[in-house]
2 protein chains.
Amino acid sequence: MIAEGEPRWLTADQQRVWRAYLLGAARLTEALDADLRQFDVDLPEYEILVTLSEAPERQLRMSELATAVHQSRSRLTHTISRMERDKLVERVGCPTDRRGVWATLTETGMDRLRTAAPCHVAAVRQLFVDAVDPQDYAALGRAFEAVINATEPG
Amino acid sequence: MIAEGEPRWLTADQQRVWRAYLLGAARLTEALDADLRQFDVDLPEYEILVTLSEAPERQLRMSELATAVHQSRSRLTHTISRMERDKLVERVGCPTDRRGVWATLTETGMDRLRTAAPCHVAAVRQLFVDAVDPQDYAALGRAFEAVINATEPG
DNA sequence: GAGGATTGGTTGATATTTCAACTACATTCA
DNA sequence: TGAATGTAGTTGAAATATCAACCAATCCTC
């Protein structure tokens, strides 16, 4: 449904913030991705490693994992196939629901995560957490909580 | 250069904010992209249209445009080729520097922008600008300014 | 003004993402 | 039971992005 009536353009200030966000976010993902490349993973793959490492038994159903790392189911299928080829994860058929598939973290995958994590966290700190004033950082958290609510699927 | 010493992990609060950002940003771009699809442009293309529309003569050198919309030069070449096929932009050889190429906005491209803009701005407001508390919004601006500084290329 | 380095941009191969079917299993309900 | 509907995940083709050369023009520097 398209909103009708005179469009309310952004004020100069609102626009400045919006553009700072666009540029900052682009720069940030680019830098983090470049940083992770030395460990042969990219950001989406890293998120998968982290998510699985925190799950019980280090495994998660494909669709749960897809939601957790904000990827489409189809995309996750392909991503996991590549990671499986690289021995970072394994697929295990789910015995109770035979449609289901568990993606499970291998020891190789866990090692990869352990290797990459310190460097990655340091980068996240340097470029994001520690770069921002603590007050603003807290506000940023609230801001994105609000965005998450506003974009709630459905 | 990898930072040495005990890795300083994120505190629970820091992590909460970081993850809220990751999820919120993903949701936001996904929603905006879906919204723009009805006008047959995606977010990166829309940014190109906006940037060109604001440039003198509605044209910009490829490399300037690449910087402005945070795309690699190679990626921009491909993107502009597609947009040229769709008559949204045109390439014009630069007379003074014969290596250079101007990407210029066509009237079709300008029309497309005029059509999409009200709806897009409304979505940006609904999901981002108006969804966030004004104080937090201002803080978010400062935060991303800081990120931009921290990620300054070089 | 003749190399040699830089810059601006493109190319094409490869990798990743998206999109629209499609298969197989589960659940519901009559 | 069994037909209809919904859910889990995959597939393969098409669209897009990345990466490493590459060409051509400009800029230095001697």
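The questions and answers below concern a predicted model of two protein chains and two DNA strands.

Local features require pLDDT of at least 70 and side-chain atom pairs pLDDT 80 or more, while totals for chains, interfaces and linings use all residues. Residues are numbered from 1 along each chain as its sequence is written, and chains are lettered from A and ligands numbered from 1 in the order in which they are written.

User: By what turn can chain A be laid on chain B, and what relation is that?
Analyst: The copies are superposed by least squares on the C-alpha atoms of residues with pLDDT of at least 70 in both. The RMSD is 0.0 Å, with a shift of 0.0 Å along the axis and a turn of 180 degrees. That is therefore the relation of a two-fold axis.

User: Which residue of chain A comes closest to the rotation axis?
Analyst: The distance is taken at the C-alpha and comes to 2.6 Å. The residue is A:L140.

User: Which element gives the largest share of the side of chain A that touches chain B?
Analyst: Contact means C-beta atoms, placed from the backbone, within 7 Å; 48 residues of chain A meet 48 residues of chain B in this way. Elements are DSSP runs numbered from the N terminus, helices (H or I) of at least four residues and strands (E) of at least two, and α1, α5 and α6 of chain A each give two or more residues to this side. The largest share, 14 residues, is that of α6(A).

User: Which residues have the most contacts inside the largest nonpolar core?
Analyst: A nonpolar core is a set of buried Ala, Val, Leu, Ile, Met, Phe, Trp, Tyr and Cys residues joined through C-beta atoms within 7 Å, where buried means 20 or more other C-beta atoms within 10 Å of the residue's own, all placed from the backbone. The largest such core has 32 residues, and α1, α5 and α6 of both chain A and chain B each supply at least two of them. Those with the most contacts inside the core are A:L140, A:A143, A:V147, B:L140, B:A143 and B:V147.

User: Which element gives the most residues to the surface near DNA strand C?
Analyst: A residue is near a strand if its C-beta atom, placed from the backbone, lies within 6 Å of it. DNA strand C is surrounded by 21 residues, the closest being A:S74, A:R98, B:M62, B:S63 and B:T77. With 5 residues, the element that gives the most is α4(A).

User: Which element supplies the largest share near DNA strand D?
Analyst: DNA strand D has 21 residues around it, with A:M62, A:S63, A:S74, A:T77 and B:S74 the closest. Two or more residues come from each of α3 and α4 of chain A and α4 of chain B. The largest share, 5 residues, comes from α4(B).

Technical notes: A residue is buried if 20 or more other C-beta atoms lie within 10 Å of its own, exposed if 12 or fewer, and partly exposed in between; C-beta atoms are placed from the backbone.
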